[in-house]
Each structure stands twice: as structure tokens, then as C-alpha cells.
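Please open the structure in your viewer and keep the sequence panel visible. The tour below proceeds by selection, one stop after another.

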Amino acid sequence: MDENIQKDGLEDFLKKSFEDFERNPSDGLWDKIDAGLNAPAAPKIVQMHPGLTFKTWWIGLAAALFLGAFAWQYFYFQEKIEGLSEKVAQQNQRSKNDEINSIQPSDDLKSENQNAAVEPKSDAIQNNADSKNLTNGTLEIPIQNIESQQVENKNARQNLVENSFPKNESGQQKSKNQQQNLKENFTKNTHPNGVEPNVLNENQIEKLIENSNQNVAVETQPEAQNVFFPPENEEQKPIENQKQEDKSLKTNNLVALNLLPSLGFSKLDSPQEIFFSQLPMVKPLRQKSWTVGVHAAKLATRATAEFQPQRFPDPKDHGKRVAQDKAVSGNTVFAGVSLEKKLAKNWSFVSGFDFREANLTGMHKAEFEFRDRKNGGPGPGHDHEHDFNYNLNNGGGSATIEFRVDETDPTQHIDDDEKIEFEAKTQQKTQWISVPLAAKFSVGRGRWQFNLKGGVAANFLIFNDFTITDLSISNPKFKIEPQSSGQKMPDPLQKLTLDGLVSAGIEYRFNKTFSLVAEPMVMTNLMDYQNLDFAKINNFMYGMNLGFNYRF
Amino acid sequence: MQPFFLAPTFLFILNMEPAATQISEIIAASVVGDRRAQRWLYEHFKSKMFGVCLRYADHRHEAEDLLQEGFIKVFRDLHQFRGAGSFEGWMRRVIVNNALQFIKKKKNALQMTDIENVSWQIGEEDAPMIEEEDITDTLLRLMHKMPTGFRTVLNLYILEGFSHAQIASELGISEGTSKSQLNRAKACLRGLLEKNLTR
């Protein structure tokens, strides 16, 4: 026995000692078992993923906070917008009334506008003369009609000029005062040109509308700002040049100012946009900066395990060689909601919540030699049956595979170096909650937009199932016994992983609010999916994401 | 129609060994709750399974508790046995898993232990002469003197054929810990055996 317990023989000594080790328990044990079987079974607590309860809790809390904040800001701004809409409606009504009541020829506007830009008072008379030379043919008719009104309104005009530019003020101060007057007039939505209804008939208005479409882009801030409020530090240009430049501006500016209340606003979409455009500072038209959407995607997926050669195969498994192809493939589908915030003209930040499910299958091959069979085998009476086992690790998961094979010809001698190749089919199903964080670049015209998106997705594992679906053997000298099985090992997947995502797609806008998105996308893992310290899993997905967006 | 003399209950009454083909019928009867078929399975496998429990438990009383709980789990989960592998192997796995769960519940049972820290546990007065008893009983008694972590890794690796990766997964430890615990367990057992042999 001393020899048996030497360093190299201890394991064999123990195996032989306990090979047929049997002892009888107490006699009354069956009665206890019988009583235990009669008792109702305690509810089985299945904790598939330790710690999941906590994670589920804080994921739920995060989701609730996110949705709560989203709902609050939505209803808060919705309420404000509604209030503003009412104001706008009132202003529009007042604007119409003013349009009827106010009488101010367009050349007055020209004069004031030019005065605001250069030399308010001295050029006012010159501008009166220029107003008769407006080259816009469409405007000639109203201007001629307006000329007849000029005499009647001369006193009123003079009063306006005098009120706007007191004689004891310097030119710069006058200019500032005039700007302030213009702001106030504009804020009050009064029409400086004040065209009377009987001056422009309906046909003429229609022509003005047509021309206005080719005229100054009233929706663009820089031009509008220059028209109304030129920078105060702008250099004074020579009068002659100024006049020539102003001629071109005058026409556009005149039309812009003339048409802005009655025509330009008609190009806008929503009351709140009108309101914001009417603010004294004449801010840019407010754009819809938030987008919420629903989307779904299907991605072809391939996961490959790379094993460190010095750690696998296990030294204990002497002749065993495990094939290096550890890939599993299948599909990943995800669906959820997205939230997008426009940060700049072309840039947005995108986030949201997705439910993600991956179904991956794989074919795992392991090559053995006959000597790799387990010692002992199935037992007496089964001399031609042999057991093999090994640990399967592929891109989908891990399992202990137990093969039992029977010799097809018991009379045939099989050498220890006989090659035996086993195949195991695996199936893995995983479910995740995914939170994407991405930057999006958009560019396009009209209804079509091109989107380029890149970022990461944080994935929280909520379910994982890895099973062996089929076992087979390639060596004709053996046949596989139905007792062979695959036994799942504890879940080795990480509970939190990070993916990188890139997509390039197109967006079709039905209107300013709704749009449809189709974007091919590619995802890959930035973190290892498995906890195995001897293997690295590479995951690659590509496919199409379809979404429906609502902007507000 | 099966002859009555091959029915599991009849075989049980006669305490006869059934043919291999009848085992599946006994199992099927046990699945539906036939207590006599279950009793037959218990009587047939209790000695082997108690031997397994003795290796994992600290003492005989604990081993009987493990056997009792293990058999209850066997009968309750019997419907999950689909004929893949031998029934004895499946039952053994259930018993071992139950023992591992019990061990994991024991506080600090799987803490890493150094051989120096357990030398005091080898009480000379507790070590009878090895000639006075069966060698396996002696081994078992000495294994019971080992820390639970040592004994568990030794059982799983040498006697159950688990790999270190499997042990690591089962016990929630690293492979390196499993290997080091095995080496220390073997050194510990070797020391215990030498001490007994030299007396």
C-alpha cells in the first residue's frame, strides 16, 4: 500500500479504494424519505442569474425615471405650446385687424428701413423718390395705388418720422431708436407698410405670393436679422455705394417686410413657430428638436470563441483535441423605442430602450483518440461500450458533453490511437435589455434625409439558455448510444456587456412630424460576452433597422 | 401485455433483480408515484449512493441527511430522466449535486485552506491503527478530517472525474483555486496516511 500512496499513485489508489464503495444507511431512512415524498414540495426557487433581482430592480427604476422625465417634459412643454398657440391666434386676429386699419405705404417702410441701416433722417426723402423706381414689376401696381395714398398719409408719416427720430438726437442714437421702434412695431405685429385692403385686390395678392416665394428667404435668420437690425458696429459705407446696395436690399426687404405678416407666415407650419418668429429678437424659427420613435431590427449574428492555446485542451485530457472552429451563428432581433435630441443643425444624440433576443446555433466538433475513454466505462456487461466526456465552449456558451459509444463490431480490435470525432449541435437563446447611446449626423433636402449614426449599446442580460440539441459520431467503428447527453454548465455570460454600433440609413419625412427610417447597421462587441478567462468571444452582427419617428 | 411476474411491484415483492429492460418500467412506475417501485429503486441503489454521501459529508449522520434529501430529489425529478446515460449515473449526479448544494450552504466551507492550517486537526488519538479496519473506511475517516473544501475538490476531481473548469463552475471558485486546493488536499491526505501508517 505504501507504493499506492506515493505521489504519482495517490489518485489511482483513491479510485480503486472507492470504486465499489458501498455502505448501508440506517434502516429507518426509507420511512423518512416516504414521509418527505408525502409532504407537499416546497416551492422551487429558480435563480437563473444570481444578482438579477437587484439588476432588474435598478433597471426598472432607471426606466421609470427616464420615462417619467420624458413624460413630464413632454406635457410641460405641450402645455406651454398650447398657451402660446392661443396667444398666436389672438395675435393673428389682431394682425388681420391691423392690416385692415393700418395705412402705411411701402415706400415709408423702405425709408424707415434704409434709415435704420444708414442715415435715418437724411435719406428718408431720397428713399421716397427711390420708392417710385422699384423694379419689381409685380409691385408697381400696388405702389402706384399706394402713391395715391401717400399724400393723404403724409401727415401721419411725418408724425411717425418725427416721433421715431427726435431732432435733438444724434444720428447713431436715432438709428438705435428707430431700431427699437421697428422692434416694437414688429412685436405688436403692426404692419409698417399698412396696405389697405382696397389697394391690393385678390389677384394682386396672389401675384405677390408667387413673387414672395422667389424672394427673400424669410425663414433664414441671417438675412432677416440684417434686414431688420444691422450690426451697430458696421462700418458706414459711402453714401453712393450704400444707395446702390440698398436698392437691391430695398426691394427684397420691402417685400419681405410687406409680406412677412400676411404671406411669409403662411410658409410656416405651426402657430408656435409664428410666435417665436415674432419675438422682438427675431430668433431663428424654432425647429422640432426632439424625436421619439419605435423601431425593430433583424441582424445576422455570428459569435466566435478564441481560446488561448496554452490553456486548452486541458492537460488532463492528453490525446484530446478540440476543433478550433467555435463559431455559432443565427439571428438577433431587437425592438424598442428611441429618443433623439437635436443638438445642432446636423447633429443629434440618440438613446432609448430595446428588448433584444439572439438565437444562435452551432456545430461543435471534438476529436478524441480511443485512449481518451473514461476509466471504468459503463460497467460489467457493457465491455464494448465506452464513455467520453469533455467541456464544450463555443461562442454561445459552455456545456459538459457526455458521449457513450458502442463498438459496431465487438470482435474487432481497436487501437488506443483510433481517431473518434464527435459532433455536438448547440442552441443558445439570450435576451437582453439594451440601451443605445449614439451620435447621429443628418443631412438632406426636402423629404429625404441621410443619416449616419455611431455609438455604443449597453446590454443587460435577462435570460440565457444553452442546450445541446444533437450528438453524432463520425467513426464507423462506433455508434453513438442514446444515453449520450449534454449537460449545461452554469451560465458563464456577463450580465452587462457593451456593443459598438454603426448605421447609415435614409429617412423619409411624410411631413414635419412623422418620418420613416431604414438604416442598415453593424454591431460588434466591445466587451467579452463570457466570463471565461481562457477564451475570448467575438460577436458580429449586421442587418436592417426600420423605424417610425415622431418629431416634436 | 406484460406478464405479471415481470411487473416491478411483483419483482419488488420477491426482492428479485429485474432485467435491464425492466428498469425503465420501474422508473416509469416511480415517475407516476408508485411508492413500491420507488422503494425498490431506493433499496437497489441506497448502498452505492450512501457511499457517495459519506465521501462528501462530515459524518455519518450528515451523510444520511444527504441521502434522504437526495432520494427525495431523485423521485421528484425523475420525470426529467430521459434515458440519456445510465440511470445510476443520473441518480449519482443528482445525489452529488444535492451534496454540493448542501456544502455551499455551509458557511465558509469552501474557503481556501493552507495545509499548515489543518495540521492541528490531525489528532493522533483519533487515528486508529490502519490494520484494525478496512482501508476504505480508514481513507474515509481521514478524509473526514480534511477541511470540507479539500475533501470536496478531491472528490470531484479524482472520484467523480470533473475537470478543474467544471469544479470551478460548480463551486463558484476559479480554476486556479481548484488546482491549488487539489494539490493541498492530496498533500494533506498523504500526510494523514503516512502518519497512520507509521504508527
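Select Gln80(B) to begin. This residue of the predicted model is exposed, because just 9 other C-beta atoms lie within 10 Å of its own, and a residue counts as exposed with 12 or fewer. Its place is the loop between helix H4 (60-76) and helix H5 (87-105) of chain B. Add Val31(B) to the selection: although 49 residues separate Gln80(B) and Val31(B) along the chain, their C-alpha atoms are 9.3 Å apart.

**Chain B as a whole**

Now select the whole of chain B. This chain has 10 helices and zero strands, so that its elements, read from the N terminus, are α-α-α-α-α-α-α-α-α-α. Of its 199 residues, 40% count as buried. Where contacts in chain B link residues at least 6 apart in sequence, 65% of them join residues at least 24 apart.

**A buried helix**

Go next to helix H9 (residues 164-171) of chain B. Is this helix enclosed or open to the outside? Eight of its eight residues are buried, so H9(B) is largely enclosed by the rest of the structure. Selecting them individually gives His164(B), Ala165(B), Gln166(B), Ile167(B), Ala168(B), Ser169(B), Glu170(B) and Leu171(B). Continue just past the helix to Gly172(B), which takes a positive phi of about 70 degrees.

**The nonpolar cores**

Select Met49(B), Cys53(B), Met91(B), Ile95(B) and Leu189(B) together. They are the residues with the most contacts inside the largest nonpolar core, which has 54 residues. Helix H3 (residues 35-56) of chain B supplies the largest share of this core, 11 residues.

Centre the view on Cys53(B). Which residues does Cys53(B) contact, leaving aside its neighbours within four places in sequence? They are Ala63(B), Leu66(B), Leu67(B), Gly70(B), Ile95(B) and Ala99(B). Apart from the core described above lies another, of 13 residues; to locate it, select Phe368(A), Phe388(A), Phe422(A) and Phe478(A), which are among its members.

**Where a helix of chain A meets chain B**

Display helix H1 (residues 10-18) of chain A together with helix H7 (residues 135-145) of chain B. The two axes come within 9 Å and cross at roughly 115 degrees, and H1(A) passes H7(B) in a left-handed crossing. On the H1(A) side, select Leu14(A), Ser17(A) and Phe18(A); on the H7(B) side, select Ile135(B), Thr136(B) and Leu139(B), and the contact is shown. Colouring by residue type divides the residues of this contact into four nonpolar, two polar and no charged.

**Chain A as a whole**

Turn to chain A, which contains 12 helices and 13 strands. It has 552 residues, of which 29% count as buried. Of the contacts in chain A with a separation of 6 or more, 75% come from residues 24 or more positions apart.

**Following the strands of chain A**

Select strand E3 (residues 328-342) and strand E4 (residues 347-369) of chain A. They pair in the antiparallel sense over 15 bridges and form a hairpin with four residues between them. To see one bridge, pick Ala335(A), whose partner in E4(A) is Phe355(A).

Keep E4(A) on display and add strand E7 (residues 419-445) of chain A, with which E4(A) pairs in the antiparallel sense over 20 bridges. Two positions are useful guides here. Val350(A) stands opposite Ala438(A) in E7(A), and Glu357(A) stands opposite Gln431(A) in E7(A).

From E7(A), proceed to strand E8 (residues 448-473) of chain A. How many bridges join E7(A) and E8(A)? The two strands pair in the antiparallel sense over 24 bridges, with Ser442(A) having Asn451(A) of E8(A) as its bridge partner. E7(A) and E8(A) form a hairpin with two residues between them, and Gly446(A) in the turn has a positive phi of about 60 degrees. While the strands are on display, recall that side chains in a regular strand alternate between the two faces of the sheet.

**The last stop**

Finally, select strand E11 (residues 496-509) and strand E12 (residues 514-525) of chain A. A hairpin joins E11(A) to E12(A) through four residues. Their pairing is antiparallel, over nine bridges, and one bridge places Val502(A) with Val522(A) in E12(A).

Note on methods
Residues numbered from 1 in each chain as written. Chains lettered and ligands numbered in written order. Predicted model: local features only at pLDDT ≥ 70, side-chain atom pairs only at ≥ 80, totals over all residues. Buried ≥ 20, exposed ≤ 12 C-beta atoms within 10 Å, placed from the backbone. Contact = placed C-beta atoms within 7 Å. Pairing = 2+ DSSP bridges. Core = buried A, V, L, I, M, F, W, Y, C linked by C-beta atoms within 7 Å. Axes fitted to C-alpha atoms, helices over the stretch in contact; angles between N-to-C directions. Left-handed = near helix turned anticlockwise from the far one by under 90°. Nonpolar A, V, L, I, M, F, W, Y, C, P; charged D, E, K, R; others polar.
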